[in-house]
Amino acid sequence: MDSIVFAEVALNLPLNKTFTYRLPDDMKAGPGYRVEVDFRRRKVVAFVLSVSPDPPSGDFTLKDILRVLDNEPVFGESEADLARWTARRYFSSVGEVLSSMLPGGKKESSMPSILPEDDVPLSEFTLSDEQQDAVRAILDPDTRPIYLYGITGSGKTAVFFSAATEVLKRGGGVIYLVPEISLTHQIVREAVSRFGNIVSVWHSRITPSQRLTEWRRIRSGEARLVIGARSAVFAPVARLGLIILDEEHEGSYKSGSSPRYHARQIAMYRTKKDGASLVMGSATPSVEASYLMEQGQLRTLHLTRRLAGGAPPQMKILDMRGEKGVISAELAAGLKRTLADKRQAILFLNRRGFSYFFHCRSCGYEMRCEHCSVSLTFHKSRGIMLCHYCGYQSRPVQVCPECGSLDVGYSGYGTEGIEEEIAALFPDARIARVDTDSVSRKGSLRKILGDFRQGKLDILLGTQMVAKGLNFPGVRLVGIVMADTTLMLPDFRSAERTFALLTQVAGRAGRFHPDGEVLIQTFHGQAPAIRLAAENRQGDFYKEELSVRRSLGFPPFARLIRILFRGKSKDKVLAASRQFCTSLERDLPRGIDLLGPSEAPLAVISGNYRIHAILRGEEFSVLYDFCSFFLERIDPPSGVYREVDVDPVSLL
């Protein structure tokens, strides 16, 4: 090490270049170490990619590395190669990717216990013939990725665990990806009870120091089964043999900030590179996955039966036109029957708060966020109007600030308002609400779900948190308070999201008994996404949605790259977007379309004006190279930021 004095480092900044710093004689570092450097008068963490005894060519003075953060490397050449591929694929820097991959802790710290904390009996997996066939197929050396397509309650988790068990027995490592770690307590309990200390749980809620400890356990081979959300796809699992991607359709697998990677794509790349198996699963595959199954690019395994004695629930659409209240008479009657029979109900509404906008009936004034182009949501329990995008708060008013009228009020409703109405209708019912407001305290979500499982609660009301990962024997009725909330969004995936959400929520009913009932309240009962979900006609929905996508030229029949410009000055943002798109239009190759520039559906967020353009093409390599050429040659002006999203899952 004495002759090595220069280190090439990557920084967690959107800069498509690396930098060289001098390593003082009293410091020891090499590839894979994290160091602290001075960059533009700020101390920042850098990642050492290579070291050399030779200084870079050029007439400049090199700065010294300030300090070395690690006693040994935290990443190897394999992780560096993965970071380089991800950075190229998603138009980000290697440093940004490494920052997403690696733990941020400076020193190690022990993980909190993940051992089972309650006395709920663990399930013993006795596999059906369908499940056994699925496990054998997953372990087959065929290199094509597998899709486990099973109705809700059909035992996908048992198949995943059985396949993982065999891979671990053979000395391989496993990554088990879930869309949201807070709802996977059951999976973690199963894993820890079966495999003990070789399990690592990887998610954002453990401290940076605990993440560093887990990262080292994984790199060393001590932890061989990693369970985690999106970023766990980067875990440095030794001898990787299997990646499981549960609930493949979930949008949370796509990162919303740079690097804007999709965990599904990273999993496909890693398993192909390492010769490992990839199995994805869902009761509601994404439209892209459905198409790939149809084309034979994914091996499809079917699970068609509920194994706990249940059956697909009876689903009915309730037309809300003409209804006076938020809870229809038929849904209220269904709740009354369920409570009388000592059974449980889940109510779903994908909107938190008490009501979602304040308006004046005299002049039409709406109370909107000062920094975003959205209405403020009234949170009655906290006595505030709140923006769910930037966090801006305001006090409710009793007089219209525009015209002085007293004829003001709140429209729409959220989970808080529904909770109040249900409590008034059923004063003796034991009700709990599950949304980001009500479960902000550590352990509160686990307690509510535990109480519901044990029959201490009658009605569970919530947002998407109650739509997935829940498996409760006592649930007979699921009420979808308003099915239209996602359907009306100005996004080409809105029908797909609505269909998946309704099917997933409905799947909470009748998992153990054949008398499940689902009541869907809506103003748009004839919309295909709602009607076909209620009729349990998944094949027809995918066929119709693929037909619409084909005619519009949207995925999976084309690939998209979204380029979003944002900044405080609307004029500068608009000028920058137009200049960039004019350059593209002059050289637009055959087979590529440019849509825009136009105002984003959410035109202002946190005081930033947002203009976007979309490049569309059938050949990804041509589309990617064309976009890359212009991104490298045209920089946005000062005060304007440019975000590039490859294969966006949302165009809002």
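1. Among contacts in the protein between residues at least 6 apart in sequence, what percentage join residues at least 24 apart? The figure is 74%. The coordinates in question are those of a predicted model.

2. Confidence comes next. The mean pLDDT of the protein is 89, with 94% of its residues at 70 or more. Residues 115-121 have pLDDT below 50, and this stretch has 8 contacts in the model beyond near neighbours in sequence. Any reading of those contacts should carry the pLDDT of below 50 alongside.

3. Overall dimensions. The C-alpha trace spans about 80 × 65 × 50 Å along its principal axes. A compact globule of 652 residues would have a radius of gyration near 26 Å, and the protein agrees because its own value is 26 Å. Of the 652 residues, 55% are buried. The accessible surface comes to about 29000 Å², and carbon and sulfur atoms account for 49% of that surface.

4. Secondary structure. The protein has 16 helices and 27 strands. Strands of a sheet pair through backbone hydrogen bonds, either parallel or antiparallel. Both kinds of pairing are covered in the points below.

5. The parallel sheet. An open sheet is formed by 7 strands with parallel pairing, in the order β8-β9-β7-β10-β11-β6-β12. At its edges stand β8 (199-202) and β12 (299-303); each has a single partner strand, so one side of each is left without a neighbour in the sheet. From one strand to the next, the twist averages 15°. The single partner of edge strand β12 is β6, as the strand order shows. Strand β6 (residues 146-150) pairs with β12 in the parallel sense over 5 bridges, and one residue pair to look at is leucine 148, whose bridge partner in β12 is leucine 301.

6. The antiparallel strands at β4. Strand β4 (residues 42-52) runs antiparallel to strand β1 (residues 6-11), and 6 bridges join the two. Valine 9 stands opposite valine 48 in β4. Strand β3 (residues 34-39) is also antiparallel to β4, again with 6 bridges, and here aspartate 38 stands opposite lysine 43. The β3 and β4 strands form a hairpin with 2 residues between them. In the turn, arginine 40 has a positive phi of about 55°.

7. Helix α11. Is helix α11 (residues 444-453) largely enclosed or left open, and why? Of its 10 residues 7 are buried, so the helix is largely enclosed by the rest of the structure. The buried residues are Ser444, Leu445, Ile448, Leu449, Gly450, Asp451 and Phe452. The list includes Asp451 as well as Leu445 and Phe452. These buried residues pack against four strands: β14 (344-348), β20 (431-434), β21 (459-462) and β22 (475-480). Just after the helix, glycine 455 takes a positive phi of about 80°.

8. Isoleucine 605. This residue lies in strand β25 (residues 592-605). Leaving aside neighbours within four places in sequence, which residues does isoleucine 605 contact? The contacts are His371, Cys372, Tyr389 and Arg610. Glutamine 131, by comparison, is 474 residues away from isoleucine 605 in sequence and 47 Å away in space, C-alpha to C-alpha.

Methods
Residues numbered from 1 in each chain as written. Predicted model: local features only at pLDDT ≥ 70, side-chain atom pairs only at ≥ 80, totals over all residues. Heavy atoms only, no water. Contact = heavy atoms within 4.5 Å. Pairing = 2+ DSSP bridges. Axes fitted to C-alpha atoms, helices over the stretch in contact; angles between N-to-C directions. pLDDT = per-residue confidence, 0-100. Rg over C-alpha atoms; globule rule 2.2 N^0.38 Å. Buried < 20%, exposed > 50% of the residue type's maximum accessible area, 1.4 Å probe, protein only. Areas by Shrake-Rupley, 256 points an atom, 1.4 Å probe, with all protein chains shown as cover.
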